[in-house]
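Hi there,

Here is the structure I promised to pass on to you. Have a look at it first, and then read on for what turned up.

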Amino acid sequence: MSDPTNLFPALEPERYELSASLPYRFDLGRRDFFRFLGAGLLVVSVLKPAVHAQESGAGARPPHDLPKEIDAWLHIGEGGKITAYTGKAEMGQNIRTSLTQAVAEELHVPMEHIELVMGDTQLTPFDMGTFGSRTTPTMNLQLRRVAAAARDTLLGLAAAQWKVDARGLVAQDGKITDPQSKRSVEYAALTKGQQLTQALPAGDPLIPASEWKIAGTSAPKVNGREFVTGAHRYPSDQTLPDMLYGTILRPPSFGANLVSADTKTAEQMGAVVVHDGNFIGVAAASSALASKAVEAIRAEWKSDPQPSSKELFDYLRKNTTKGEDPTGDGDRYDQGSADSALVSADHKLQQTYTVSYIAHVPLEPRAALAKWDGDRLTVWTGTQRPFGVRGQLAEAFHLPEDHVRVLMPDTGSGYGGKHTGETAIEAARLARAAQRPVKVVWSREEEFTWAYFRPAGVIDVTSGVSKDGTITAWEFHNYNSGSAGIRTYYEIPHQRIVFHPTQSPLRQGSYRALAATANHFARESHMDELAHAVKMDPLEFRLKNLKNDRLRAVFEAAAKQFGWGKAKTAGQGFGMGGGYEKLGNIATFAEVNVDKSGDVRVVRVVSAFECGAIVNPDNLRNQIEGSNVQGLGGALFEAIEFENGKILNGRLSQYRVPRFSDLPALETVLLDRKDIPSVGAGECPMIGLAPAIANAIFDATGVRLRSLPLVPNGLKTA
Amino acid sequence: MASQHIVRKWILQGRKAEYAPPVAAQYKVHRSVAQTAKPVIEQNRMHSNRMSAAAPLRYIISASRHSCPRGMHMPPLKLAINGHTYDVEAAPQTSLLTVLREHLDLTGSKYGCGEGQCGACTVLIDGKAQRSCITRVGTVANKQITTIEGLAQGEHLHPVQQAFLDAGAMQCGYCTSGMIMSAVALLKQNPSPEDGEVVDFMDGNICRCGTYSRIVHAIQLAAKAAPITKGASR
């Protein structure tokens, strides 16, 4: 198990990532670029040189055109201003900071000298979206490469100017210095009057992590001041002159069809009313008037009976579909002969685990401001996929993509919940009718109802283990929740692992860590059950069946910090869970306290995490702590309840999310592997928590809970 | 004072422009609002007959088209926000949050739930933390309202704001305004709270990114950095 990346191929976005499928167009020539950026030095990173060669094979590309497959670029203006461009989006992961660190590191300039333009479909290179913990392993690397190439170009310019060997020159603090002659020249002076383009050569050397000076440090959030003063404008804070406020009339239940609507009263109130197929919305001079106008619309809807949360898990089992198989062999994996190995096992265990639908509850609901200039559309919106939303808008309004511009101001979180462009389309539809800019901000109830949910799921696990604690057989069937993290990292000779797509009663999509949370909950709970079946310590049992060095290291580190094996008091319980996801390795240990009334309190959580070379330790801790706190909700009490096409608990007064009073003591151990490329950390740290808590509850009470959320009503009534 | 306020706004805009990329991408919206808002303010000041430099800034935000049913004109409400007086024409049952955000373009206070459950809209009313989304604007006329925009003194951040930066107590930052306003109110009534008291007081504020432990730390940093005397105005 030297390189786990080969063993866990399911890194492609799985079905619930709602990935973009639209073609990429980039039609700026080199001269356009300088017209729009100003003179200076431009470095572009070419994503797929092979594809580029094919596309330009016909020789149609004018010599000054840039390749189409670009994923990052950086510009140093003749005034010395450094701007890096990426299609990635900031929503609280702090990549604006970590990517700035990367550029600063390679370019040898202070972070304050760098501006990062993000998530603007007109200014930044195409990007599929910000999900799957891909920013750090891919974009961080690409921006470092363009910055390194820019630095080398500047060194070359200085060398040519002074007629010396570039290898003897030093780049530091925005200057090139010749240590011999003590001459120095600022980057700005070198780029003055220039129009230089540098397409990135492959394999240029980067600064090794062991020598990082800016990357690898706990740099504070680059624009933190804007957030503590309230000055930052989130998507929902955007305004334009003459802007109207839009509100949509929602159907009474999912899938309902509009039969008739009387909009006269709303129109008489001075609102612009749009009735287009199943869509009815209004735009008015104030949000209050828009709400009143929507309330004044008399609409008749027709809907069909739909399943309810009470019958959810039966429904999922009974409604499997063939489905597409976008993840290749990620949906089914066979090794050895699971059937015969189960028959011959010393101990056999069969259990079923379930997870509920949960909501992302991004604190900023979906919001969009749309503006038309003739047949050109501009939309400011909170989305993890600005280019995907551009495609949706182009499709909805029958426009070419280059007539649509989507801008993504740093947004109020997403957690996988903002991949789609509903509000953008709604605002644009209303703005077209009103012939004025329109802003749509979803209410919390709309966000709970008309967004999408983390998929619910049923997981059946059947396993065989020998008397000495060696797992011999493993059969794992996941219905609906997804295939992320479905493969086991334990050494088991005979395996059958299958993901069964099913019809979903609710609209479902990406949620931070995807199905890795459900699959790790089932797997790591089952590991605990097996350990007890063979009367082994759960840590010892895991390590006996685990060869992956990186995973062993995090389990051992977390166990040490936690003090695994210490004596417990009445009501106290200890448990663990861990695994491998998105190239990161996590082990989470939890301490719970269950009082006589059945109230479960998570008292302490210890996480050990390893994601290669650490780019920003404090931000990494922040992500791990946040994963554990957010993960508490799905582990303990979050669940969407629904009946016949209606959400029953779609408000924050009805749907409990973790609060200050739920906060356990959080301890984080970071394993910094400077010899391994950096990978993302926004998702993986979440996956060990739920099984750790379930296992700790068992340790405290002897009660085995196999459904997430574990204790929505306390232990007794669960 | 009037001119001072305008100048301050203008300087802030100037700084934004300086940081904006050459093609003026992400700040375009923000700037165009400010540009159109300015003449309105000038015009209303002329009508308000309060041109003397010593007089407090008063400007009427013409809100009749915003929230009054057609044909009805209500007397303007006087709101004292961040040391300025505003005349706002809005129905008294309008939420304070809507008035702040839509009428006055004070967007630092955030909408999160509309039912007082998340705390993202928290402001201080006569020094107490209140949820502006469930506060009717008619009930706060002539009370002292402080929003996140009113905490810093020019470039000088309030100790709680500085502590949030020092503790890295945010991820997406959407809850941060409300967290800071609640924390300011807490430290006003309890300048050196125990961690448990912080948790109890702050429990109505949600951080969905889960930075609670950092926020507790930030509040303790602020308490240590600048002990705030009980009942002090800020």
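A good place to start is a sheet in chain A. It is an open sheet of 4 strands in the order 23-24-25-28, and its pairing is mixed. Strand 23 (572-581) and strand 28 (665-671) of chain A are the edge strands, each pairing on one side only. On average, neighbouring strands of this sheet are turned by 15° against each other, direction ignored. Please keep in mind throughout that this is a predicted model.

On one side of that sheet you will find helix 18 (residues 617-636) of chain A, which packs on the sheet and touches strand 25 (600-610) and strand 28 of chain A. The direction of helix 18 makes about 130° with that of strand 28 of chain A.

As a general reminder, strands of a sheet pair through backbone hydrogen bonds, either parallel or antiparallel. Strand 23 of chain A and strand 24 (residues 584-594) of chain A run antiparallel and are joined by 10 bridges. One pair to look for there is A:Gly578, whose bridge partner in strand 24 of chain A is A:Ala587.

Chain B has an antiparallel pair as well: strand 2 (residues 77-81) and strand 3 (residues 84-88) of chain B are paired over 5 bridges. Within this pair, B:Lys78 has B:Asp87 in strand 3 of chain B as its bridge partner. The two strands form a hairpin with 2 residues between them, and B:Asn82 takes a positive phi near 50° in this hairpin.

Next, the contact between the chains. Chain A brings 64 residues to it and chain B brings 58. On the chain B side, the elements giving two or more residues include helix 5 (159-166), helix 6 (176-189) and helix 8 (212-225) of chain B. Helix 2 of chain B gives the most to this side, with 5 residues. Sorted by class, the side of chain B that touches chain A has 26 nonpolar, 22 polar and 10 charged residues.

Finally, the interior. The largest nonpolar core has 259 residues, and those with the most contacts inside it include A:Val146, A:Ala283 and A:Ile697. Helix 5 (residues 135-162) of chain A supplies the largest share of this core, 10 residues.

What does A:Ile697 touch, not counting residues up to four places away in sequence? Its contacts are A:Gly573, A:Val592, A:Val594, A:Val600, A:Val703, A:Leu705 and A:Leu710.

Enjoy exploring, and best wishes!

Note on methods: Residues numbered from 1 in each chain as written. Chains lettered and ligands numbered in written order. Predicted model: local features only at pLDDT ≥ 70, side-chain atom pairs only at ≥ 80, totals over all residues. Pairing = 2+ DSSP bridges. Axes fitted to C-alpha atoms, helices over the stretch in contact; angles between N-to-C directions. Contact = placed C-beta atoms within 7 Å. Nonpolar A, V, L, I, M, F, W, Y, C, P; charged D, E, K, R; others polar. Core = buried A, V, L, I, M, F, W, Y, C linked by C-beta atoms within 7 Å. Buried ≥ 20, exposed ≤ 12 C-beta atoms within 10 Å, placed from the backbone.
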